[in-house]
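Colleague: Could you take a close look at one part of this model for me, and set it against the chain as a whole? I'd like to follow the reasoning as well as the numbers.

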Amino acid sequence: MDYLVRFVQMHESFRKAEIQAMADLYGINLEFLHYSQYSPHCIIRLPDEDAARMIIGRSILSKAIYELWGSGSTYTELHQDVKHRTSHQWHLYKLSSFKFEIQAYQAKRSLAEQDALIQSFRYTGFEGPIQLKDPDQTFTIFEECEWGLKEPTKVHLGRLISSSSRPILDTYTLKKRKYLSTTSMDSELALITANLTLAAPGKLFYDPFVGTGSFPIACAHFGAVSMGSDIDGRAIRGKNGVNILTNFQQYRLVDKYLDSFIADLTHTPLRTARSLDGIICDPPYGVREGLKVLGSKDGGKKEMHMIDGKAAHLQSHYIPPKKPYSFEAMLGDILEFAANYLVDGARLSLWMPTANDEEVELEIPMHPCLEVVSVCVQAFNKWSRRLLTYRRLRDQDVKEALSARQAKREEGSTANDLNSFRKRYFEGFREPPSPMKDVRTTDLG
């Protein structure tokens with residue numbers, strides 16, 4: 001059966017990937033018949049209404065799904081298609097309460113025009129009461145117009161099947177959240193990311209850059225048990241009596257919160273085992289401050305420091321030494337970690353920045369054990385960030401020998417040396433000035 005999905009007209013590159021992810025989660029055969037990022041209307045083919053309800057029930061970037069009764073470039077074509085597709089169904093709704101509504105994209109209709117359009121469908125023979133609130137059936141006329149033109153270029157008629165989960169955004173908005181930081185992920189994008197990573201009951205999810213817990217909360221909303229870690233102990237401990245646990249308590253999701261701990265991804269205390277059903281993260285971009293990883297800059301061991309007769313590193317206020325870290329190496333380490341900890345078919349979703357500039361376009365990091373599922377882009381002014389989603393392959397499906405893989409390590413000692421994106425960010429994403437000739441006097445003596 002064919003269905004119309006009414007999307008919101010934002011985060012366009014995420015919408016198709018989210019619907020496909022929901023189909024993958026429930027094992028539903030989904031076919032896209034028509035999709036355009038410039039249109040809020042998408043036509044898909046699904047087995048039945050139950051499949052439609054399951055897919056739309058978790059969607060954040062859609063409003064509702066409708067059984068498609070007809071489509072056309074004009075109302076004449078629409079009426080012909082409605083009669084061809086659905087005339088055998090009209091008797092099923094003959095005595096049901098119903099209402100008609102019109103949704104016009106990039107256009108408006110007067111009340112008189114709306115009434116005339118609705119009356120044009122009288123041939124369906126519905127005799128039930130018209131009920132504007134909670135009717136048995138809702139039929140919607142969708143108009144799609146080009147900007148500035150009154151007449152639509154595409155029209156559809158749909159019967160409402162189910163609404164999406166988009167209203168939950170008001171519950172999880174950051175404006176109401178008790179524990180936040182300047183880098184807390186927007187709640188809408190966190191929920192979308194959780195959908196793309198297939199968070200669901202019975203699954204264990206992990207965020208290695210947990211911050212204030214935006215991703216674990218989103219995963220917990222969809223039923224997954226989640227945990228996180230962060231190299232910055234201040235994020236884990238919280239401040240002014242609030243922390244990550246406070247957020248879980250606020251949303252009554254404490255039973256889905258395993259714990260959080262202070263750790264560096266490259267020095268994880270987790271036992272190496274294929275035990276995670278999802279890894280979801282927004283790693284630091286190294287803009288506010290250069291990326292750091294645990295260790296000394298010279299790579300050597302330091303002499304143990306004692307305070308009041310006790311080893312400094314065993315005291316609660318101890319801050320371990322850190323060294324500069326390459327952004328590209330960090331991405332490689334995330335993929336390597338995912339390959340070692342994800343179960344077969346589990347997903348990794350990570351955000352990474354890129355400049356809208358060919359000079360610093362960061363390639364999508366790859367790993368032989370991970371298959372790219374989707375790449376979604378959130379564009380800003382002169383830079384963008386991409387949400388990369390991977391699937392863990394079965395070992396027998398891995399083509400490249402793991403032993404032959406060597407992570408690329410950038411050379412350098414400063415934050416800019418180790419992060420081309422950070423360097424261009426502070427240069428304003430402009431071409432660097434050509435080097436001036438050295439006019440200083442050279443001492444030859």
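Modeller: The accessible surface of the protein chain comes to about 23500 Å², and carbon and sulfur atoms supply 51% of that area. Please keep in mind that this is a predicted model. Of the 445 residues in the chain, 49% are buried. The chain holds 11 helices and 18 strands. Among contacts with a separation of 6 or more, 73% join residues 24 or more positions apart.

Let me pick helix α3 for the close look. Helix α3 covers residues 75–86, which is 12 residues. From its first C-alpha to its last, α3 reaches 16 Å, close to the 16 Å expected at 1.5 Å a residue. Which residues of α3 are buried? They are Y75, L78, H79, D81, V82 and T86. These buried residues cover an arc of only 165° around the axis, so they lie on the same side of α3. T76, Q80 and H84 are on the other side of the helix, and these three are exposed. As for what the buried residues of α3 pack against, the partners are the strands β4 (62–72), β6 (137–144) and β7 (154–163), together with helix α4 (111–119).

A few other places make useful companions to that picture. Helix α6, residues 187–196, contains E188. Is E188 buried or exposed? Its relative accessibility is 9%, and since buried means under 20%, E188 counts as buried. Leaving aside neighbours within four places in sequence, E188 is in contact with M10, H11, I60, L61, R166 and L169.

Two cysteines are also worth a glance. C369 counts as buried because its relative accessibility is 1%, and C376 is buried at 1% as well. The structure holds 0 disulfides.

Finally, here is a small piece of strand pairing. Strand β2 (residues 31–34) and strand β3 (residues 41–45) pair in the antiparallel sense over 3 bridges. The two strands form a hairpin, with 6 residues between them. In this pairing, E31 stands opposite R45 in β3.

To come back to α3: Y75, L78, H79, D81, V82 and T86 are its buried residues, while T76, Q80 and H84 are exposed on the other side.

Technical notes
Residues are numbered from 1 along each chain as its sequence is written. This is a predicted model: local features need pLDDT of at least 70, side-chain atom pairs count only at pLDDT 80 or more; totals for chains, interfaces and linings use all residues. Side-chain values use heavy atoms; hydrogens and water are left out. Two strands pair if DSSP finds at least two bridges between them. Helices (H or I, at least four residues) and strands (E, at least two) are DSSP runs, numbered from the N terminus. The expected span of a helix is 1.5 Å times one less than its number of residues. Buried means under 20% relative accessible area, exposed over 50%, partly exposed in between (1.4 Å probe, protein chains only). The arc is that of the directions from the helix axis to the C-beta atoms. Contact means heavy atoms within 4.5 Å. A disulfide is a pair of cysteine sulfur atoms within 2.5 Å. Accessible areas come from the Shrake-Rupley method with a 1.4 Å probe; for residues, only the protein chains shown count as cover.
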